[in-house]
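Reader: Please go closely through one part of this structure, its interior. Start wherever suits you, but connect the pieces.

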Amino acid sequence: MRVKRYVVNALPEAVSLIRSELGKDAVILNTKEIKVGGFMGMFRKKKMEVIAAIESNQANPPAQAQRAPNPQVDAAVEQILQSVQRTATAVMEPPPAPLIDVQEQKRNEREQFIIDEIRDLKEYMATLSKKQSQSTEMSEHLIALSEHLTEQEMDVQWIERLLNEILDKQTEEGTTYSKEQVWEQAFLQLEAWLQPYSGSGISNQARVVHFVGPTGVGKTTTIAKLAAEQTIKQGKKVGFITSDTYRIAAVDQLRTYANILNVPMEVVFSQMDLPRAFKQLEERELIYMDTAGRNFRSELHVSEVNSLLQTSEPSETVLVLSMTGKTRDMAAVADHFCKYGVRKVLFTKLDETSVYGAIFNLIMNFELLPTYMASGQTVPDDIESFKVESYIRQLLRSSVS
């Protein structure tokens, strides 16, 4: 038996070759689609592989064929060839979308992956080039600003964004800013970022205000300052609730303030005691609730305190954070409370630090709404509403001086 392999574009082409080379008695043993050529496995072309055979004693070329012509046989062969041609044409038609060849799909995925990699690389190189270009354009004043904000513990991402904004403005104006202009531009940009979060005091509609936060941040003193402002300056009837029974001194401290201000106070040990406390204070226009300071880096402790904050009264919860705490710890506490919907924040002990970048980080990274800034122990004077301009001056103070 003589066997021969043909690689052609379509089956009819193979049939024609087989007839001319092996004769009409040849038999097609196998056909399959293959891919040839290409570069590194890509851009390969589809071909048809056809295996044909004929018995050795029949393998004479058609020109030398000895058999007598038989019209009926020739007609049958021609009919078979036409049928094969129709079948081949149908096979070569593109398959419907759901039946796309798996290998073709993989090839397309590889090509797309390479294209994406090239695009990402170009974007990275463009960004790197821009940074290198900007680093050479950094004036001593911009470098000084960057160093100052780093000392203020502002997050690197915000420092970079601020410097890029100033550099872009310099490029637009075709100039290099002086020291005063650099600080002015920094002030304006920081103000624009913080302005949407300003004016977020405690709502006048809230009858119950909960104060939460870690141990030692000054919640009790802060409550006394706010209560004094409301009773003395606003003439409101205020009441206290404390659940800080972990520290006896905390209860005594708040009771002392309550006696001075002539404000009633209730102590609760669990959520079950809250209805009784609210009943006792039902004539009060405003109730401040002090909660226990715990290790609020633990989400379990946060959830325990959150269970005490459930009330049918119009209420708000304020997170109290001390500026003497570590920036990373404050961020962890804020992250846990934000999960429970706490959005308002009050900063204390500003007089005990010269580093103010954490305030900016917490506002921008967690979208917290600053309410007050407290400093010192004097009741009720050492507290004021958060003002964007005042805060930015504190943040940039040593730079401007």
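Author: Proline 275 lies in helix α9, which spans residues 274-280. In this predicted model, proline 275 has a relative accessible area of 55% and is exposed, because the cut-off for that is over 50%. Threonine 311 is 36 residues away along the chain, and its C-alpha atom is separated from that of proline 275 by 8.9 Å. Proline 275 thus serves as a point on the outside from which to turn inward, since it is exposed.

For the chain as a whole, 40% of the 401 residues are buried. The chain has 13 helices and 11 strands. Of the contacts between residues at least 6 apart in sequence, 75% join residues at least 24 apart.

The largest nonpolar core has 49 residues. Leu145, Leu190, Ile359, Phe360 and Tyr391 are the members that touch the most others. At least two residues of this core come from each of the helices α4 (140-151), α5 (156-173), α6 (179-194), α11 (327-338), α12 (357-366) and α13 (388-400), and likewise from each of the strands β8 (315-322) and β9 (344-348). Helix α6 gives the largest share, seven residues. A second core lies apart from this one; it has 26 residues, including Leu254, Met265, Val267 and Ile383.

The part to examine closely is the surroundings of phenylalanine 360. Beyond its neighbours within four places in sequence, phenylalanine 360 is in contact with Met154, Trp158, Leu190, Trp193, Leu194 and Tyr391. Two of these partners, Leu190 and Tyr391, also appear with Phe360 among the core members that touch the most others.

Two of the other partners are tryptophans, and with them Phe360 forms one aromatic cluster, made of Trp158, Trp193 and Phe360. The structure holds five aromatic pairs. One of them joins tryptophan 158 and tryptophan 193, edge-to-face, with the centres 5.4 Å apart and 65° between the planes. Tryptophan 158 belongs to helix α5 and tryptophan 193 to helix α6, 35 residues apart, and the pair links distant parts of the chain. Both tryptophan 158 and tryptophan 193 are buried.

Tryptophan 158 also pairs with phenylalanine 360, again edge-to-face, at 5.6 Å centre to centre and with 85° between the planes. Here the residues sit in helix α5 and helix α12, so the pair ties together parts that are 202 residues apart in sequence. Phenylalanine 360, like tryptophan 158, is buried.

The helices that carry two of these rings also pack on each other. The axes of α6 and α12 come within 11 Å and cross at roughly 45°, which means that α6 is oblique to α12. At this crossing, Leu190, Trp193 and Leu194 of α6 meet Phe360, Ile363 and Met364 of α12.

Threonine 327, in helix α11, touches α12 residues as well as Glu153: its contacts beyond four places in sequence are Glu153, Ala358 and Asn361. Threonine 327 has 19% relative accessibility and counts as buried, because the limit is under 20%.

Helix α11 leads on to the sheet, where α11 packs and touches β4 and β8. Its direction makes about 165° with that of β8. The sheet is open, with eight strands in the order β6-β5-β7-β4-β8-β9-β10-β11 and mixed pairing. The average twist is 25° from one strand to the next. At the edges are β6 (265-267) and β11 (383-385), each paired on one side only.

Within the sheet, β4 (residues 208-212) runs parallel to β8, joined to it by five bridges. Valine 212 stands opposite leucine 319 of β8. Further along, β9 and β10 pair in the parallel sense over three bridges. Valine 345 has proline 370, in β10, as its bridge partner. Strand β10 (residues 369-374) is mostly covered, with five of its six residues buried.

Key
Residues numbered from 1 in each chain as written. Predicted model: local features only at pLDDT ≥ 70, side-chain atom pairs only at ≥ 80, totals over all residues. Heavy atoms only, no water. Core = buried A, V, L, I, M, F, W, Y, C linked by side-chain atoms within 4.5 Å. Buried < 20%, exposed > 50% of the residue type's maximum accessible area, 1.4 Å probe, protein only. Helix = DSSP H or I, 4+ residues; strand = E, 2+ residues; numbered from the N terminus. Contact = heavy atoms within 4.5 Å. Phe/Tyr/Trp six-rings, centres within 6.5 Å; stacked < 30°, edge-to-face > 60°. Pairing = 2+ DSSP bridges. Axes fitted to C-alpha atoms, helices over the stretch in contact; angles between N-to-C directions. Parallel < 35°, antiparallel > 145°, perpendicular 65-115°, else oblique.
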